[in-house]
Amino acid sequence: MNAVKLSTVALERDTIVRTAIRLLDEVGLEKLTLRRLATELGVQAPALYWHFKNKQELLDEMAEAISAQEPLRPLAEGESWEEWLAEWCRGQRRAFKSHRDTARLTAGTHPGTATLQTVETILESLLRAGFTRTDAMWGLSTLASFLGGFVLEEQSDQERGTSDPALFEEALESLAPYPNVRAVMAETKGPQTDASFEHGIALILSGMRARQEARPDGR
C-alpha cells in the first residue's frame, strides 16, 4: 500500500474522503481507523481533526459521497412516480455495491445536506402526486430500509463466500427436510437476486399506490 505523501501540502477534505473510501474497499469498515487513514495520507492523525471533528463525521461524509455516485434526477412531467423511485433505488443499490461494507456504513450515519435535499425532492414530488406528507415519508423510509437491508445481505453473503454457486447447491441439499423452502430457493436462486430486488421494490410501490388511491378525496 503506497502512502500518498501530503505532509508538505494542504490536506483537502475531498482527498481525505476519497482516500477513506479506497481504504474501506481494501480493509473493510472494522479496520478503517483514523490512524490507518492518516498513515495512508502521509500525515499525523491529529491533522485529520482540522477537517473532521471525529470519525463519525468522516463516515457521514463517506456515505454521502457514495450515495452521490447515483444522484436523484428530477421527476419528468407526466412520468410515473413509481418508475422514477424504482430507478433511484436501482441506482442506490449500484452505488452501495460498488464499495465494501456500504450498507453497514450508511446504517450508522447521519444524513447530510445532499441526502436531505434528495428526501425533500422526493417528498415534494410525491405530494404533487397526491400523497400526504406522512404517507410519502413512510413510503420512502420503507424503500430505504428495504434497500439497506437487501444490500447488507448481499454484501454479507459476499464476505462469507456463500454467493458461490457450489455453496448454494450444498445449501439446497441441506434444506431437504423443508421441501417448500427448498423448492422456492431452487426456483428463485436465493433471496438476494436482481429479480427478488425488483419484486420487493414493486411490492412497496404497490402498497404506496394503494395508500394514495385510498385517500378520501380519491387522489
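Student: Which helices each supply at least two residues of the lining of the largest pocket?

Tutor: A helix here is a DSSP run of H or I with at least four residues, a strand is an E run of at least two, and numbering starts at the N terminus. A pocket is sought on a 1 Å grid over the protein atoms alone, as an open set of points with protein on both sides within 12 Å along at least five of seven lines; lining residues have an atom within 4 Å of a point. In this structure, α3, α4 (81-97), α5 (102-107), α6 (113-128) and α7 (133-160) each contribute at least two lining residues. The largest share comes from α7, with nine residues.

Student: On what kind of model does this reading rest?

Tutor: The model is predicted: local features need pLDDT of at least 70, and side-chain atom pairs count only at pLDDT 80 or more, whereas totals for chains, interfaces and linings use all residues. Residues are numbered from 1 along each chain as its sequence is written, and side-chain values use heavy atoms, with hydrogens and water left out.

Student: How much space lies in the largest pocket?

Tutor: A volume is the space filled by probe spheres set on the points, which are joined across faces, edges and corners. For the largest pocket this is about 760 Å³. Its lining has 33 residues, of which S67, W88, F96, T115 and A144 are the closest to the centre. By class (Ala, Val, Leu, Ile, Met, Phe, Trp, Tyr, Cys and Pro nonpolar; Asp, Glu, Lys and Arg charged; the others, Gly among them, polar), the lining has 17 nonpolar, 13 polar and three charged residues.

Student: Which residues line the largest cavity?

Tutor: A cavity is a set of points where a 1.4 Å probe fits but cannot get out. The count comes to one cavity of 30 Å³ or more, and the largest cavity holds about 40 Å³ of space. I16, L34, L48, Y49, F52, N54, K55 and L58 line it; six are nonpolar, one is polar and one is charged.

Student: At what angle do helix α1 and helix α3 pack?

Tutor: Axes are lines fitted to C-alpha atoms, for helices over the stretch in contact, and angles run from 0 to 180 degrees between N-to-C directions. Helix α1 (residues 13-27) and helix α3 (residues 55-67) pack at about 80°, their axes 10 Å apart. The pair is therefore roughly perpendicular, a label for 65 to 115 degrees; under 35 counts as roughly parallel, over 145 as roughly antiparallel and the rest as oblique. Contact means heavy atoms within 4.5 Å. In α1, R13, I16, V17, A20, I21 and L24 meet E57, L58, E61, M62, A65 and I66 of α3. This contact has nine nonpolar, no polar and three charged residues.

Student: How do the axes of α7 and helix α10 cross?

Tutor: The axes of α7 and helix α10 (residues 194-213) come within 10 Å and cross at roughly 170°, so α7 is roughly antiparallel to α10. Residues of α7 in this contact include F146 and F150, and those of α10 include I204 and M208. The contact divides into nine nonpolar, four polar and two charged residues.

Student: How many helices and strands has the protein?

Tutor: The protein has ten helices and zero strands. Along its principal axes, the C-alpha trace spans about 65 × 50 × 25 Å.
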